[in-house]
Amino acid sequence: MAAAAAPRRDVQGPREESPPERKVYMDYNATTPLEPEVIQAITEAMWEAWGNPSSSYPAGRKAKEIINTARESLAKMIGGNPPDIIFTSGGTESNNLVIHSMVRHFRESQMAKEDGVEPLGNGAKPHFVTCTVEHDSIRLPLEHLKEDGVATVTFVPVSKVSGQAEVDDVLAAVQPTTCLVTIMLANNETGVIMHVPEISQRIKALNSRRVALGLPRILVHTDAAQALGKRRVDVEDLGVDFLTIAGHKFYGPRIGALYVRGLGELTPLHPMLFGGGQERDFRPGTENTPMIAGLGKATELVSKNCEAYEAHMREVRDYLEVRLQAEFGQKRIHLNSQFPGTERLSNTCNVSIRGPQLQGRLVLAQCRTLLASVGAACHSDLGDRPSPVLLSSGVPFDVARNALRLSVGRSTTKAEVDLVVEDLKQAVARLEGSA
C-alpha cells in the first residue's frame, strides 16, 4: 500500500516534487481494504440489482437472489444454516442486538412460567457474564444497562498468565439470573484466542441442571469479528447460540451479520428496530443489496482460501517478531501478545520497545513508512494512557504505554517487514537523540 508524500516547496526556485515515500500498512485488525473481487461484486449489484428486494420486477428479483446467495455464503463460512443469518450494519449493531434482545427475553420469561422456568421474583434483573478485554460494543452497552439499573453484569478478569478468560472463572460468575455469557473469540489487541468451545460445553451441561431447578437457560454469544478470515470458524465446534460477523475485518464492506442458532425457535431474538418486515422482522429496513453482495463475495474468498491466508500471515508475523528482536535485542523488545501455551491470531503482533521516551504514539509519530496503531481504534482517545486490555492481561504499565499493535495482512511481504523494522529503528534513534 503506497502513498505519496506532500510536494516540497523551494523558495529559491520552482516547486520540485519529492519522491514518494513508501508506506506499509500494518493495521489490518482495525480494518482491511476491499478485495478486487469484492469491489466487482458491489459494482455489479449497483448496476444490475438496484431494485427493491421485496419487489417482483427483474431488478428486485435480482436483488433478492443476491441477498439469498450471500446468506448461503455466510452460513457456509461459519458452518451454520442460511436461515440463521441476519444481516446488520456491522459488528456493533450485532452485539447490541444480542444484548438488548436478552434483556427483553428475560423480562418476558419472568412474566409467566414457561418451559418449566419459575419466575425469580419481583425485581429480578437479567445478569450478564463477560470479560474485561471485550470490544467496546460489548462493554459499553452492558455498562449502560448496569448504570441504568436494567441489568447486572460480571466482568471476569482475564488471566495474567494466559491472557484468556479462564473457563472456571466464567462459570464461577454465573448466578440464578444469568441469561447470557458473551466472550469474544479472539482479542483485537493481543490476538489471544479464548476458550469459547469449552465455555459453551460447560454452560450446556449447567443448563441441564438449571432446568431441573426451574432456572432460565443461559445462552452463549461470541464476537467473532476479529477471528474471521484469519482462522477457521465453525459454530458447531464453538457450540455458541449467537455469533457476530463484521465484513470489514476480512476484506469485505462495512456491514455485518449475526448468526442465531435456530433463529426464533431454539434461540430467541427480539428486534431493536421496527419497520417493513425485512429480515423476517428481526432487522427491518430495505436491504443494502450492493454491500450484502460484497459481503457474500468476501465470505466466499474466506471459505476457499482461509488456510492459505492464515499460513501466509503467520509466516510474515513470525518473521516480523524475529526481525524486531534481532534489531533491538530480546531484552529491549517485549512481545505483549505472547502468552506461553496460549493460541493467538496468525497476524497479530503487539510489541513494546522499552525506553522512557518510546511511548507508542511518539514512536508512530516519528515513523515515515509504518502505518499502524497503538491499540484498538475505539480506544484512540486514551492519549498516552496504556491500553486497558494490556493492563488487564498483566502487561506492566511502563511496557504497555510503549505498545504498538502491528497486524499484518494477506498481501504483507517480508520485504515490507524489513522496511518497517528499519523505519522503527530510525524513529527510536530520533526520539532518543542519536539520529
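The legends below describe several close-up views of a predicted model.

**View 1. The open sheet of 7 strands and its edges.** Across this sheet the strands follow the order β2-β8-β7-β6-β5-β3-β4, and their pairing is mixed. Strands β2 (85-88) and β4 (152-156) form the edges, each of them pairing on one side only. From one strand to the next, the twist averages 20 degrees.

**View 2. Strand β3 beside the edge strand β4.** Strand β3, which covers residues 127-131, pairs with β4 in the parallel sense, and the pairing extends over 5 bridges. Within this part of the sheet, T130 has F155 of β4 standing opposite.

**View 3. Helix α2 across the sheet.** Helix α2 is made up of residues 58-78 and lies across three strands, namely β2, β7 (242-246) and β8 (256-260). Relative to β2, the helix runs at about 115 degrees. In the order of the sheet, β2 is followed by β8 and then by β7.

**View 4. Helix α1 and its buried face.** With 13 residues, α1 reaches 18 Å from its first C-alpha to its last, which is close to the 18 Å expected at 1.5 Å a residue. Residues V38, A41, I42 and A45 of this helix are buried. When α1 is seen down its axis, the buried residues fall within an arc of 95 degrees and therefore line one face of the helix. A general property of helices is relevant here: an α-helix has 3.6 residues a turn, so residues three or four places apart point the same way. The buried residues of α1 pack against α2 and α8, whereas the face turned away from the buried side carries P36 and W47, which are exposed.

**View 5. The salt bridge between E35 and R410.** In the whole structure, a search finds 21 salt bridges. One of them joins E35 to R410, with 2.8 Å between the closest N and O atoms. Because E35 lies in the loop between β1 (24-25) and α1 (36-48), while R410 lies in the loop between β12 (403-407) and α12 (414-431), this pair ties together parts that are 375 residues apart in sequence. Both partners fall under the 20% cut-off for buried residues: the relative accessible area is 16% for E35 and 12% for R410.

**View 6. The salt bridge between E307 and R232.** Here the side chains of E307 and R232 meet in a salt bridge, at 2.8 Å from N to O. Since E307 belongs to helix α8 (residues 289-328) and R232 to the loop between β6 (219-223) and α7 (235-238), the pair ties together parts that are 75 residues apart in sequence. E307 is partly exposed, with a relative accessible area of 46%, and R232 is also partly exposed, at 37%.

**View 7. A network of salt bridges that includes residues of helix α4.** Salt bridges with shared partners join D136, R139 and E143 into one network. Within this network, the side chains of R139 and E143 meet in a salt bridge of 3.0 Å, N to O. Both R139 and E143 lie in helix α4 (residues 136-147), where they are 4 residues apart, or about one turn of the helix. R139 is partly exposed, with a relative accessible area of 24%, as is E143, with a value of 25%.

Notes: Residues numbered from 1 in each chain as written. Predicted model: local features only at pLDDT ≥ 70, side-chain atom pairs only at ≥ 80, totals over all residues. Heavy atoms only, no water. Pairing = 2+ DSSP bridges. Helix = DSSP H or I, 4+ residues; strand = E, 2+ residues; numbered from the N terminus. Axes fitted to C-alpha atoms, helices over the stretch in contact; angles between N-to-C directions. Contact = heavy atoms within 4.5 Å. Salt bridge = Lys/Arg side-chain N within 4 Å of Asp/Glu carboxyl O. Buried < 20%, exposed > 50% of the residue type's maximum accessible area, 1.4 Å probe, protein only. Expected span 1.5 Å × (residues − 1). Arc of directions from axis to C-beta.
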